[in-house]
Amino acid sequence: MARILVCRFGKILEESCVLVVLKYNNRLALLTLLLLAAAFGSLAGGGCILARSMNASASACAGETYPDVCPGDWFYPYVMDLSGSGAVSGFADGTFRPYSEISRGQIIKVIVQAMGLTSPAPFEPTFADVPATHTFFQWIETGAAKGLFGGYPCGGVGEPCDSQHRAYFRSGSNVSRGQLARMIVGAKGWSSLAPSKATFSDVPVGSPFFGYVERVAANGIIGGYACGAAGEPCPGTYFRASGTATRSQASKMVSLARQPAPIVTGTPAATATTVVNDPCPIFPADNIWNKNIAALPTHSMSAKYIASIGLGANMHADFGSGLWQGEPIGIPFVHVPAGQPLVPIHFTAYGSESDPGPYPVPVDAPIEGGPNSSGDRHVLVVDQGRCKLYETYYSFPNSDGSWNAKSGAVWSLNSNALRTDTWTSGDAAGLPIYPGLVKYDEVASGVVRHAIRFTAPQTQKTYIWPARHYASNDPNPALPPMGLRVRLKTNVNLSGYPQQVRVILQALKDYGMVLADNGSPWSISGAPDPRWDNQMLHAMDNLHGSDFEAVDESGLMVDPNSGQSR
């Protein structure tokens, strides 16, 4: 058999591929393949086709655990994670069959084993159709004891009631995505989440799966499908709770759920980026900083932009613990409570493009590079009382409590408003710095759900949404513009990286990074923290410019003067 994937956007994505099974080495298969290619757009126009023979699967990825689960597949790290834990295994022919549907009995076995759940055997079977001799008996009983699911009332066709009127489990039925969400939430012991506004258009507040789906979405387990498919009008994002889950989809959800859960709130902005113990969101959930861009098309200038930044240049984490050449590593920030005194800010260079003071900057606010730094000396302050962000560039405290700075900018963290067009900020691109920092607590929680700030040696004399300012005199169109969104390629294998590095790299696949300043190539920004393991962070040095691609996010823009995204 030949497995053929016809994909949009020039890459293989879970959300955008159509699976077709054809007889291998057959002229009819080839003709059908060509017709499918025409239906989905010519190859030159951005479509792609991947064919992998099931009869010749050993040659597809020789030496791998499963011949049909290759390092370039999006589901590879998740399947390998669960396989390593003993929660999943292949079929008699050695294959994993990632695109096959998974049954209720199979998924319960996977979840119970992956999460390490145990319970004593019941005195008698809970379900009429799962006797003690059933293949999945022990796992189904454990799942039932933990409250992961309910059964189906007896009395239906082929399901007669016994003397105890026991329910039926239907272990051979395919598990739906909504059922899977409920099982994962129960297995993790998470509370359901009930924001006032539903994340998905097809899982409204009244849906029986609403609280479970919202929880797994907020914890970064699922992302949903873009609108536009049959029966899914725009605007909107869809979860397809009644649809069946494939073995690869289920592997991803369970594997991600095995990681530590992030701390999220039950507010309407529950899916927005948040910081532990911070009552303010980091912009609304639909802000472009918080937008998953994994499915966006590659930018038409991607190859030239990436080459100009450096195909062979190493990626580098410009943050960590301790000191480097006597200076803290990274860009620090400080949270101040309600009532923090406001102090004057004296602008020394770009006052006409700065938001006037006063700002709630403490006299001892941390300065990028330390008090004696000769670098950018950024100061970032989050006012938790006003839910506002204040950032200054080249900042120096004065003895009277005021500060001198070359420029300063203020953002409401509850708003999508951008800077005045052509204005700089504390950053060269006229963007905020704080939302693009990698923060230790969010990485430790297991998920980073926002774009990350990065720098490039040379930039173009222009900027693109959502940036507002450029910092170059070079009009060369091959140079990247400020505001450019770049992501880590889907086929980059993350399985060999330390867990916390994998969290960061997964964010670079899902949310990407935003070009915000001139500097070292592929240098991503984060906050200093004594808990960082610098040696671990250096594992990212193995990545190069060739591992990235620029994306076109212009289609997400709602208003050029707003950071809101579609």
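1. Let's start with the small sheet in this predicted model. Three strands make up an open sheet in the order 10-14-13, and their pairing is mixed. The edges belong to strand 10 (345-347) and strand 13 (396-397); each has a single partner strand, so one side of each is left without a neighbour in the sheet. Strand 13 pairs with strand 14 (residues 403-405) in the antiparallel sense, over two bridges.

2. Phe-396 deserves a second look while you are there. Its place in the pairing is opposite Asn-404 of strand 14. The ring of Phe-396 also has a charge over it: the charged end of Arg-377 sits 3.8 Å from the ring centre. A second case of this kind involves Lys-109, whose charged end sits over the ring of Trp-139, 5.2 Å from its centre.

3. Next, the loop between strand 15 (407-412) and helix 9 (440-445), where you will find Asp-427. Asp-427 has a relative accessibility of 1%, so it counts as buried. Its side chain makes a polar contact of 2.7 Å with the side chain of Arg-453. Beyond its neighbours within four places in sequence, Asp-427 is in contact with Ile-433, Arg-453, Ala-516 and Asp-517.

4. Thr-424 sits in the loop between strand 15 and helix 9 too, and with 8% relative accessibility it counts as buried. A polar atom of the Thr-424 side chain lies 3.1 Å from the backbone oxygen of Asp-427, which gives you a handy link back to the previous point. Setting aside residues up to four places away in sequence, Thr-424 touches Tyr-350, Glu-353, Ser-407, Arg-419, Gly-430 and His-469.

5. Helix 8 (residues 302-310) is a nice one to view end-on. Its buried residues are Ser-302, Tyr-305, Ile-306, Ile-309 and Gly-310. Looking down the axis of helix 8, these fall within an arc of 105 degrees, so they line one face of the helix. As general background, an α-helix has 3.6 residues a turn, so residues three or four places apart point the same way. Ala-303 and Lys-304, on the other side of helix 8, are exposed. The cover over the buried residues of helix 8 includes strand 16 (452-456), strand 17 (485-488) and strand 20.

6. Helix 7 (residues 247-257) makes a good companion to that. Ten of its eleven residues are buried, so helix 7 is largely enclosed by the rest of the structure. Do note that charged residues are on the buried list, which includes Arg-247 and Lys-252 alongside Met-253 and Val-254. The packing partners of the buried residues of helix 7 are helix 2 (76-84), helix 3, helix 5 and strand 4 (225-226).

7. On to the aromatic residues, for which the count comes to 18 pairs. In one of them, the rings of Phe-127 and Phe-149 have centres 6.1 Å apart and planes at 40 degrees, so the pair is tilted. Phe-127 belongs to the loop between helix 3 (104-115) and helix 4 (137-145), and Phe-149 to the loop between helix 4 and helix 5 (177-188), so the pair ties together parts that are 22 residues apart in sequence. Phe-127 counts as buried at 5% relative accessibility, and Phe-149 is buried with a relative accessible area of 10%.

8. Trp-522 and Phe-548 form another aromatic pair, this one stacked, at 5.1 Å centre to centre with 10 degrees between the planes. Trp-522 is in the loop between strand 18 (513-518) and strand 19 (523-525), while Phe-548 is in strand 20 (residues 548-551); the pair links distant parts of the chain, 26 residues apart. Both Trp-522 and Phe-548 are buried. Elsewhere, Trp-74, Phe-75 and Tyr-99 form one aromatic cluster.

9. Finally, the chain as a whole. Eleven helices and 20 strands are found in it. Of its 566 residues, 51% count as buried. Among contacts in the chain with a separation of 6 or more, 69% come from residues 24 or more positions apart.

Methods: Residues are numbered from 1 along each chain as its sequence is written. This is a predicted model: local features need pLDDT of at least 70, side-chain atom pairs count only at pLDDT 80 or more; totals for chains, interfaces and linings use all residues. Side-chain values use heavy atoms; hydrogens and water are left out. Helices (H or I, at least four residues) and strands (E, at least two) are DSSP runs, numbered from the N terminus. Buried means under 20% relative accessible area, exposed over 50%, partly exposed in between (1.4 Å probe, protein chains only). A polar contact is a pair of N or O atoms within 3.5 Å; within protein, one must be able to donate a hydrogen and the other to accept it, and residues adjacent in sequence count only if both atoms are side-chain atoms. Contact means heavy atoms within 4.5 Å. Rings of Phe, Tyr and Trp (its six-membered ring) pair if their centres lie within 6.5 Å; planes under 30 degrees apart count as stacked, over 60 as edge-to-face and the rest as tilted. A charge sits over a ring if NZ of Lys or CZ of Arg is within 6 Å of the ring centre and within 35 degrees of the ring normal. The arc is that of the directions from the helix axis to the C-beta atoms. Two strands pair if DSSP finds at least two bridges between them.
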